Amino acid sequence: MDQALALAAQARLICPPNPAVGAVLMSADGRVIGCGHTQVRGGPHAEVMALRDAQARGESTQGATAYVTLEPCSHHGRTGPCCDALIAAGVGRVVASLQDPNPLVAGQGFARLRAAGVEVEVGPGEAAARELNIGFFSRMTRGRPWVRSKIAGSLDGRTALDNGVSQWITSPEARADGQLWRARAGAVLTGVGTVLADDPLLNVRDAQGVPTPRQPVLMVLDSQLRTPLTARLFTLDRPCLLVTTVADAARHAPYQARQAEVLVLPGPDGRIDLVALMTELGRREVNELHVEAGPLLNAALLQAGLTDEWLFYLAPKLLGPGRPLLALPALSRLDEACTLAFTDIDRVGPDLRLLARRAAPPISNSTF
């Protein structure tokens, strides 16, 4: 199962919106006879890749055990049901990490395997398999993506100097590591303030040598449509989405001419409805939303209860006055703080990489 989980991790950058799944086939005498992981959308799933690998090795799969990190699918999508492929191959036992949360599967794959006389065991590797597909589980169970905010700053919590200069606080190693997190997302979100200040590309460039054939959708929250038509983000061949409150089609047209889609999502107070946006992203099959924005948008997502995880890169520098990590309102009591729990702490070059999740719910607000 460890080998299957490692294979699933290899699929994470190429397979969204499908889940990243790994599969290992073991013969009755304990030999690994086939391995595979999920391919690009529309391509073979992990089980089929492992069966093909076994066939290419000239191995029989009769009576073999299949170790898979997610329940074999049972429905016809762009490919046929993996449970049927395993049954047809004569596999005698399936060990799966956990049940597929997709309502089109949701235990039906296990049921069909058992009905065909295949022994099924569920549970080994469950926690790791769920983490590998945390965005897929979020979309299937909550109808919205897993929202991860990436923030790079100094040890005293500054993302830019008082004069706005921010390049570069963290190291090249940290920036390269951040590319891997950007690459695994279905969409990258920023605000118009970041576009105006930095004119970023926000594409996947150098993910530490890992092939990244898929570019996430770029999304810009721009309530008043202030994004310059000359912005560099329009120069790349990738999906681009401007989210606004402006319903004027004439003002949309210049952006549409730059191959951008304009989405109008006004909230009750005239600002962008962040909850409606997350629902729309779930409908568009975005599993993970990677946020690279300024302190205002980061704070708005937190206060709306929408940020699931924070990816902090902290440089061993002290900058003094400057732009904060998040523009949160002043508190009068310590028990009003949004408490986080660290899930991972590591060094990347000279910097610290911290992963943290909310330990207590924040005050709810749904617009930005």
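# Exercises on a nine-strand sheet and its surroundings

Strand S9 (residues 217–221) and strand S10 (residues 240–244) run parallel and pair over four bridges. Here two strands pair if DSSP finds at least two bridges between them; helices (H or I, at least four residues) and strands (E, at least two) are DSSP runs, numbered from the N terminus. The model is predicted: local features need pLDDT of at least 70, side-chain atom pairs count only at pLDDT 80 or more, and totals for chains, interfaces and linings use all residues. Residues are numbered from 1 along each chain as its sequence is written, and side-chain values use heavy atoms, with hydrogens and water left out.

## Exercise 1. The sheet

Task: give the strand order and find the edges of the open sheet of nine strands.

Solution.
- Step 1. The order is S11-S10-S9-S8-S12-S6-S13-S16-S15, with mixed pairing.
- Step 2. The edges are strand S11 (260–264) and strand S15 (340–348); each has a single partner strand, so one side of each lacks a neighbour in the sheet.
- Step 3. From one strand to the next, the twist averages 20°.
- Step 4. Inspect two pairs. In the S9–S10 pair, Leu221 stands opposite Val243 of S10. S15 and S16 pair in the antiparallel sense over eight bridges, and Leu355 in S16 is the bridge partner of Asp344.
- Step 5. Check the S15–S16 hairpin: two residues lie between the strands, and Gly349 in the turn has a positive phi of about 60°.

## Exercise 2. Helix H10

Task: describe how helix H10 (residues 274–283) packs on the sheet, and what lies at its ends.

Solution.
- Step 1. H10 touches S6, S9, S10, S11 and S12, and its direction makes about 165° with that of S9. Contact means heavy atoms within 4.5 Å. Axes are lines fitted to C-alpha atoms, for helices over the stretch in contact, and angles run from 0 to 180 degrees between N-to-C directions.
- Step 2. Buried residues of H10 are Leu274, Leu277, Met278, Glu280, Leu281 and Gly282. Buried means under 20% relative accessible area (1.4 Å probe, protein chains only).
- Step 3. Asp273 caps the N-terminal end of H10, with a side-chain oxygen 3.2 Å from the backbone nitrogen of Val275.
- Step 4. Just after H10, Glu285 has a positive phi of about 65°.

## Exercise 3. Two residues

Task: is Thr227 buried or exposed? And Arg182: buried or exposed?

Solution.
- Step 1. Thr227 sits in the loop between S9 and S10. Its relative accessible area is 2%, so Thr227 is buried.
- Step 2. Not counting residues up to four places away in sequence, Thr227 touches eight residues' worth of surroundings, including Val192, Leu233, Phe234 and Tyr255.
- Step 3. Arg182 belongs to helix H7. At 7% relative accessibility, Arg182 is buried.
- Step 4. A polar atom of the Arg182 side chain lies 2.6 Å from the backbone oxygen of Asn203.

## Exercise 4. The largest pocket

Task: what is the volume of the largest pocket, and which residues are closest to its centre?

Solution.
- Step 1. The largest pocket holds about 820 Å³ of space.
- Step 2. Of its 32 lining residues, Lys150, Gln167, Trp168, Arg182 and Glu292 are the closest to its centre.
- Step 3. H7 gives the largest share of the lining, six residues.- Step 4. Apply the terms. On a 1 Å grid over the protein atoms alone, a pocket is an open set of points where a 1.4 Å probe fits, with protein on both sides within 12 Å along at least five of seven lines; lining residues have an atom within 4 Å of a point. A volume is the space filled by probe spheres set on the points, which are joined across faces, edges and corners.

Technical notes. Buried means under 20% relative accessible area, exposed over 50%, partly exposed in between (1.4 Å probe, protein chains only). A polar contact is a pair of N or O atoms within 3.5 Å; within protein, one must be able to donate a hydrogen and the other to accept it, and residues adjacent in sequence count only if both atoms are side-chain atoms.
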